Amino acid sequence: MNKENSNENLNDAFKSADLSDKVWMFFTKYARPIASVAVVICLILGLVFIIMVGRSMCKRSMKVAYWETVQTNTRERFAQKYISNPLGGTVFLGLGDEAYQKKEYQRAADYYHHARVSLGGNILGGRAAIGEGIASIKSGLQADGEAILAGISGEKSYPPLIRSQGIYFLANSLYGRGEFDKAKNTLNQLINGNFPDSWKTAAKTLLQEIEIAQ
């Protein structure tokens, strides 16, 4: 009863008070819940601020580390450290290209594999997958390379340009092994699919070559 009477008296006083008194009485009545809400808001804002600062510092640190890596030729170490970031994957892709040009195919395949994992299902990730497949074939791991190229053709996250290249190089590898029927079926998949005309034309040319060879 005392609490109810106290609330009634406070409400009556609130009605008859002027604006400044009403503001003071409002905060007096709801001081505890307001303070709790304020603490929660401050904690949330503080957490957001810490995350934003942390990300900014991380990006700045990564850029500095990259330029140091270029100057000291320690790109592989950088790529390993930032493999979960697209920049690390791009560095691995470049390392794969360099190793491939030197005909270090197994090493190139390893670099391309790391790039593919890091870059994911985009055009650069697809290019890394093609590199891994071809380098694996050239290193003697033909079955592994063809399996990677076959996977590219069915990976819907890759653009048609990448998928068409995967199909073409798979057919070319099958043809090189004397698997004429499999190669022809693969090329027909490319010719009849929704792929760029340039690769369809290349597929038709290779198909004619296979038919002549048979």
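I will talk through two nonpolar cores and one pair of packed helices in this structure, which, I should say at the outset, is a predicted model.

Let me start with the cores. The largest nonpolar core has 24 residues, and those with the most contacts inside it are Ile152, Tyr168, Leu187, Leu190, Leu206 and Ile210. At least two residues of this core come from each of five elements, namely helix H7 (123–138), helix H8 (142–153), helix H9 (160–176), helix H10 (180–192) and helix H11 (197–213), and H9 gives the most, with seven residues.

If you would like one residue to look at on the screen, take Ile152, which, leaving aside its neighbours within four places in sequence, is in contact with Gly126, Ala129 and Ile130, and also with Tyr158, Ile162, Arg163 and Gly166. Separate from this core is a second one, of 16 residues, which includes Phe92, Ala108, Ala109 and Tyr111.

That brings me to the helix pair. Helix H5, residues 86–101, and helix H6, residues 105–119, have axes that come within 8 Å and cross at roughly 160 degrees. Angles over 145 degrees count as roughly antiparallel, and therefore H5 and H6 are described as roughly antiparallel to each other; their crossing is left-handed.

Which residues make the contact? On H5 they include Pro86, Gly88, Gly89, Phe92, Leu93 and Gly96, while on H6 they include Tyr105, Arg107, Ala108, Tyr111, Tyr112 and His114. Taken by character, the residues of the contact of H5 with H6 divide into twelve nonpolar, six polar and two charged. Phe92, Ala108 and Tyr111, which I named for the second core, are thus also among the residues of this helix contact.

Note on methods
Residues are numbered from 1 along each chain as its sequence is written. This is a predicted model: local features need pLDDT of at least 70, side-chain atom pairs count only at pLDDT 80 or more; totals for chains, interfaces and linings use all residues. Side-chain values use heavy atoms; hydrogens and water are left out. A nonpolar core is a set of buried Ala, Val, Leu, Ile, Met, Phe, Trp, Tyr and Cys residues joined through side-chain atoms within 4.5 Å. Buried means under 20% relative accessible area, exposed over 50%, partly exposed in between (1.4 Å probe, protein chains only). Helices (H or I, at least four residues) and strands (E, at least two) are DSSP runs, numbered from the N terminus. Contact means heavy atoms within 4.5 Å. Axes are lines fitted to C-alpha atoms, for helices over the stretch in contact, and angles run from 0 to 180 degrees between N-to-C directions. Angles under 35 degrees count as roughly parallel, over 145 as roughly antiparallel, 65 to 115 as roughly perpendicular and the rest as oblique. A crossing is left-handed if the near helix is turned anticlockwise from the far one by less than a right angle, and right-handed if clockwise. Ala, Val, Leu, Ile, Met, Phe, Trp, Tyr, Cys and Pro count as nonpolar, Asp, Glu, Lys and Arg as charged, and the others, Gly among them, as polar.
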